[in-house]
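This report covers two sites: the ligand pocket and one serine in a loop. Inspect the model before reading on.

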Amino acid sequence: MNYNKLISERLKRIPPSGIRRFFDIAAEMKNVITLGIGEPDFVTPKPVCDAALAAIQAEETHYTSNHGIPELRELILEYLEARFGLNGYKTEQAFVTVGVSEGIDLAIRAITEPGDEIIMPEPTYVSYMPSVLLQGGVPVTIKTTADNDFKLTRAMVEDAITDRTKAIILPFPNNPTGAIMTREDLAELVPALNKRDIFVLSDEIYAELTYGSKHCSIAEFPGMRERTVILSGFSKAFAMTGWRLGFAVGPQEIIDAMVKIHQFTMLCAPTLSQIAGIEAIKDALKTDFADVNSMMAQYARRRVFLLDAFREMGLSCFDSRGAFYLFPSIKHTGLTSEEFCEKLLIEKQVAAVPGTAFGKSGEGFIRCCYATSMENLEEAVDRMSDFMRRF
Ligand code: PLP
């Protein structure tokens with residue numbers, strides 16, 4: 001059988017994720033310290049795990065509604081109101097997804113026709129572009145730069161909009177740069193999006209992870225709620241990556257369109273994970289987000305430690321205020337991002353991700369995730385300082 005002919009042309013045009021390639025190399029090596037994979041080093045809080053264990057014992061082993069357990073959908077809305085002041089959504093406007101990953105893919109699939117342009121900042125998280133391409137859409141990237149704290153400005157967005165533009169993806173706080181868009185930054189974009197009738201896919205998975213200023217969703221602005229779908233989940237803030245639990249909240253028609261795909265593809269998010277999600281929100285509301293706050297306190301310490309260390313070893317680094325990533329420049333070494341990361345891995349057994357894994361404009365940068373213990377960070381800094389001495 002000619003498998004090459006069998007496999008879809010659209011799929012063949014998509015390169016494999018540049019993150020995984022690197023970690024496959026690292027997995028073969030000993031004594032590697034990884035600043036690579038973007039996931040919390042903390043385990044899921046105990047009450048959440050206990051709730052899932054109790055659910056197994058109570059034989060909660062069936063499908064849920066396609067939309068998810070009603071109590072969880074209501075709690076998601078309660079959570080958004082408590083944390084980000086997003087109120088007034090109806091339960092029907094929220095549904096539960098398999099990680100925010102599914103929500104992103106569904107939102108793109110629900111709105112994209114072949115030839116439609118979807119704008120996204122670059123460097124950017126790896127899943128947006130493949131989803132757009134698989135749909136026959138055209139990803140339009142806006143290059144963000146360290147000089148501008150990797151933010152989007154109104155002029156940048158206006159320049160990217162054409163008659164084919166359907167939507168923009170706003171992934172802030174950002175992976176890989178750690179950039180945030182403050183309320184003032186977002187306010188600048190709103191008139192441009194309103195004027196040209198652009199829909200927004202707002203990936204807010206790192207909304208809890210900001211340092212120094214509170215996250216603001218573009219859906220808070222007048223006129224934006226009806227043109228925004230909020231995509232988020234439990235992976236990062238609640239240390240629940242393996243549970244695969246996310247949610248989408250937005251205009252009823254868009255949510256219905258997304259659920260239409262979800263009901264044929266996933267049926268529902270995993271039942272035990274949904275039960276765990278209920279406990280995660282309930283426990284957080286009850287304890288005033290004690291677990292989230294304690295994880296954040298540690299990320300905050302690690303962020304400052306790593307930022308100072310990078311600057312001391314001669315890596316200029318933008319003071320990113322979101323997620324758990326730093327994105328230092330390695331341009332002065334004369335190496336490409338790939339070469340730098342490969343040498344660092346082979347010679348010093350420290351794994352970071354080349355900026356180019358997040359698009360061409362990531363060249364000259366590396367992504368370092370500080371969601372790892374202070375002990376690991378100290379060791380990584382020692383090894384990297386040694387490595388940097390030659391430059
Ligand atoms: N969106 C961004 C910006 C991410 O960084 C990630 C994971 O790293 C995801 C989405 C995927 O999250 P989930 O585990 O909820 O699917």
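A residue counts as near the ligand if one of its heavy atoms lies within 4 Å of it. The model is predicted.

**Ligand shell**

By that cut-off, 13 residues surround the ligand. The closest are S101, N175, D203, S235 and K236. The shell divides into six nonpolar, four polar and three charged residues. Which helix gives the most to the shell? Helix 6, residues 99-111, does, with four residues.

**Polar contacts of the ligand**

The table lists three pairs, each with its computed distance.

| Protein residue | Protein atom | Ligand atom | Distance |
|---|---|---|---|
| V100 | backbone N or O | oxygen | 2.8 Å |
| D203 | side-chain N or O | nitrogen | 2.7 Å |
| Y206 | side-chain N or O | oxygen | 2.7 Å |

Taken alone, the ligand exposes 400 Å². The protein buries 93% of that area. D203 appears twice in this account: it is among the closest residues of the shell, and its side chain has an N or O atom 2.7 Å from a ligand nitrogen.

**S329**

Now the loop. S329 sits between strand 9 (325-326) and helix 13 (337-348). Is S329 buried or exposed? Its relative accessibility is 12%. Buried means under 20%, so S329 counts as buried. The S329 side chain reaches the backbone nitrogen of K331 at 3.3 Å. Leaving out residues up to four places away in sequence, S329 touches L315, S316, G364 and F365.

Technical notes. Residues numbered from 1 in each chain as written. Predicted model: local features only at pLDDT ≥ 70, side-chain atom pairs only at ≥ 80, totals over all residues. Heavy atoms only, no water. Polar contact = N/O pair within 3.5 Å; in protein donor to acceptor, adjacent residues only side chain to side chain. Areas by Shrake-Rupley, 256 points an atom, 1.4 Å probe, with all protein chains shown as cover. Helix = DSSP H or I, 4+ residues; strand = E, 2+ residues; numbered from the N terminus. Nonpolar A, V, L, I, M, F, W, Y, C, P; charged D, E, K, R; others polar. Buried < 20%, exposed > 50% of the residue type's maximum accessible area, 1.4 Å probe, protein only. Contact = heavy atoms within 4.5 Å.
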